[in-house]
Amino acid sequence: MSDMRQLYQEVILDHNRKPRNFGSILGANRHAEGHNPLCGDHIKLSMNVLDDKIETIAFEGEGCAICKASASMMTGAVKGQSVQDAEILVAEFRGMATGTLDLESEANHLGKLKVFAGVKDLPSRVKCAILPWHTLHAALYAESSVSTEGEADPVPGTLIGEE
Amino acid sequence: MKIERMAVEGMNGERKDIDRMNIERIRADFPILNLQVSGKPLVYLDNAASSQMPQPVIDRIVRYQSQEHANIHRAVHHLSELATKEFEAARIKVQHFLKAKESREIIFTRGTTEAINLVMHGYGRAFIGKGDEIILSALEHHSNIVPWQMLAQEKGAVLRVIPMNDAGELLIEEFEALFNSKTKFLALSHVSNALGTVNPVKAMIAFAHHHGVPVLIDGAQAAPHQPVDVQDLDCDFYAFSGHKLCGPTGIGVLYGKAQLLEKMQPYQGGGDMILSVTFEKTTYNVIPYKFEAGTPPIMAAIGLGAAIDYLNGIGLDEIQAYEKILLDYATEQVSALIGVRIIGTARKKAAVLSFEIKGVHPHDVGTILNEDGIAIRTGHHCAQPVMQRFKVPATARASFAFYNTKEEIDKLVDGIRKVQRMFI
């Protein structure tokens with residue numbers, strides 16, 4: 001199967017058509033926005049994190065199928081997870097997309113998210129797949145940095161571009 | 001080989017027959033067109049971003065590097081004399097290509113972007129001040145927006161923007177209404193890279209001159225596709241790039257009227273742009289050398305000269321007529337597709353077709369077409385204000401050159417259908 005076929009398989013097209021957890025959460029305690037200026041992908045993430053656990057998560061925005069499907073599947077994967085486990089997934093997803101994680105030989109928790117493995121061979125599309133995960137990281141990180149400074153409200157994180 | 005006869009509009013409006021360009025022979029000149037991409041023959045439709053290089057230009061570059069290279073305007077040895085002679089011969093080719101009055105009006109730059117920046121620094125910083133107004137159009141490339149914005153910020157000048165209609169045509173009445181006593185400069189593209197609109201630059205230049213306003217024309221998308229006569233246009237500056245014209249990257253041209261260039265400040269300081277230097281005072285060289293500090297891209301300039309020879313061998317009139325046939329055919333085929341919108345429908349267009357497929361992001365379109373060996377550009381085309389005007393984040397853009405064929409357009413149309421089937 002070619003890289004492109006491997007990437008645009010039915011599960012990704014389905015999440016693009018019917019994104020899960022699409023919208024915003026009223027009274028969310030974590031927010032972040034991610035933006036790829038090059039392609040116009042734009043993701044807004046809102047979450048409620050209680051006792052170190054992601055209770056609810058939703059996203060909205062505009063983007064290509066890869067970006068939207070990645071965001072949709074990400075929300076499904078991290079909902080109910082601890083912040084630590086979500087961060088592990090962020091690192092593993094980045095590793096898969098950039099080709100530094102070998103899915104065959106290295107243990108991981110990616111499961112269904114492995115449908116995005118083909119993106120590593122399409123360098124111009126890697127950033128589309130990773131954007132939601134960067135945004136998630138920013139939302140989680142903003143809170144932890146805010147909590148160390150003792151502020152009540154998290155600071156929205158903004159991402160410009162990708163490595 | 002088959003040669004088709006076909007009728008096209010002649011320049012003076014009468015119909016005349018021309019030999020259809022011998023497209024098979026032309027394609028054979030371009031080694032890269034034999035490439036396979038994703039196991040399919042390359043269909044290269046990204047010519048507005050950069051065009052491909054024919055063998056005669058490649059050969060000329062190889063000959064220069066293997067037999068003629070040395071630094072120019074310096075030593076008295078054989079190679080330096082030869083390289084200087086060939087470099088200056090390229091300047092004269094550019095002069096004739098643009099129909100400029102004198103070769104000293106031709107300045108070699110790194111590209112269109114550097115040419116515009118040169119005018120911004122050399123002319124703008126000297127002659128545009130606080131409260132002065134610079135007119136731009138709504139369909140400019142970032143390279144003809146950002147330098148003027150930087151100048152406006154530095155000097156406290158103001159940018160005024162000519163709006164356009166839904167077809168992507170500039171509104172001429174609104175353009176005329178922008179002029180007042182504070183207007184000091186007009187910077188305008190000849191052809192829009194994102195939409196293909198051909199602007200009525202000659203009439204707009206005449207209007208600006210009537211108000212005493214000098215005009216820079218960004219010709220990056222025009223010079224490769226139609227004959228350009230800077231004296232007939234009467235523009236004060238004209239800029240274009242070598243790599244969109246079958247030449248190498250790293251070389252571009254700024255044409256400027258001699259009397260303007262002479263009163264401008266140098267853009268960069270260094271070697272070759274001086275007549276004498278002491279620690280107290282430097283006397284600048286004459287034009288064009290005043291604007292060519294340091295060792296220029298000699299190989300690229302000579303390559304550009306060879307590219308101009310190559311295009312002249314085909315004829316810019318013929319190239320323009322043939323590309324219009326390609327554009328008309330592509331427009332007809334793509335507009336027949338349900339769920340596809342063409343963005344940029346000006347009455348006068350160059351061979352650029354921007355489009356969007358309903359419900360599919362342009363980057364997905366680009367990736368899927370690439371699977372069939374089809375290279376198009378997807379994104380904002382360095383013209384974000386144009387994207388904002390049409391309320392799209394990005395477009396897919398096919399842009400044609402004289403070596404493209406109707407068969408390649410058929411492949412593009414098949415590719416678009418395939419994208420639609422996948423995303424239903």
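# Chain B: loops, contacts and one sheet

Me: How many other C-beta atoms lie within 10 Å of B:Lys99?

Reply: In this predicted model, B:Lys99 is partly exposed. A residue is buried if 20 or more other C-beta atoms lie within 10 Å of its own, exposed if 12 or fewer, and partly exposed in between, with C-beta atoms placed from the backbone. For B:Lys99 the number of other C-beta atoms within 10 Å is 14.

Me: What pLDDT do local features need?

Reply: Residues are numbered from 1 along each chain as its sequence is written, while chains are lettered from A and ligands numbered from 1 in the order in which they are written. This is a predicted model, in which totals for chains, interfaces and linings use all residues, side-chain atom pairs count only at pLDDT 80 or more, and local features need pLDDT of at least 70.

Me: What is the phi of B:Lys99?

Reply: B:Lys99 sits in the loop between α3 (78-98) and β6 (106-109) of chain B. Such elements are DSSP runs numbered from the N terminus: helices (H or I) of at least four residues and strands (E) of at least two. B:Lys99 is a residue other than glycine, yet its phi is positive, near 55 degrees.

Me: Between which strands of chain B is the place of B:Ser38?

Reply: B:Ser38 is not a glycine, but has a positive phi of about 50 degrees. B:Ser38 is partly exposed, with 14 other C-beta atoms within 10 Å. Its loop lies between β3 (36-37) and β4 (40-41) of chain B.

Me: Which residue does a cis peptide bond join to B:Ile287?

Reply: The omega of this bond is about 5 degrees. The partner lies in the loop between β14 (282-284) and α10 (298-314) of chain B. The residue joined to B:Ile287 is B:Pro288.

Me: Within what arc do the buried residues of α5(B) fall?

Reply: In helix α5 (residues 146-155) of chain B, the buried residues are B:Pro147, B:Trp148 and B:Leu151. They line one face of the helix, because seen down its axis (by the directions from the helix axis to the C-beta atoms) they fall within an arc of 95 degrees.

Me: What do the buried residues of α5(B) pack against?

Reply: Contact here means that the C-beta atoms of two residues, placed from the backbone, lie within 7 Å. On these terms, the buried residues of α5(B) pack against four elements of chain B: α4 (112-127), β7 (133-137), β8 (158-162) and β9 (183-189).

Me: Which element gives the most to the side of chain B that touches chain A?

Reply: 13 residues of chain B are in contact with 14 residues of chain A. The elements giving two or more residues to this side of chain B are α12 (362-370) and α14 (406-423). With four residues, the most comes from α12(B).

Me: How far apart are the C-alpha centres of domain 1 of chain B and domain 2 of chain B?

Reply: By an automatic or database domain assignment, chain B is divided into domain 1 (5-34 + 315-423) and domain 2 (58-312). The distance between their C-alpha centres is 27 Å.

Me: Which element gives the largest share of the side of domain 1 of chain B that touches domain 2 of chain B?

Reply: The contact takes 22 residues from domain 1 and 21 residues from domain 2 of chain B. On the domain 1 side, α11 (316-335), β16 (352-357) and α13 (384-389) of chain B each give two or more residues. The largest share, five residues, comes from α11(B).

Me: Which strands stand at the edges, each with a single partner strand?

Reply: Four strands of chain B form an open sheet in the order β15-β16-β19-β18, with antiparallel pairing; two strands pair if DSSP finds at least two bridges between them. One side of each edge strand is left without a neighbour in the sheet, because each has a single partner strand: β15 (340-343) and β18 (377-379) of chain B.

Me: How many residues of β16(B) are buried?

Reply: B:Val352, B:Ser354 and B:Glu356 are buried on one side of β16(B), and B:Leu353, B:Phe355 and B:Ile357 on the other. The strand is largely enclosed by the rest of the structure, because the number of its residues that are buried is six of the six.

Me: Which residue is the bridge partner of B:Leu353 in β19(B)?

Reply: β16(B) and β19(B) pair in the antiparallel sense over four bridges. In β19(B), B:Leu353 is partnered by B:Ala398.
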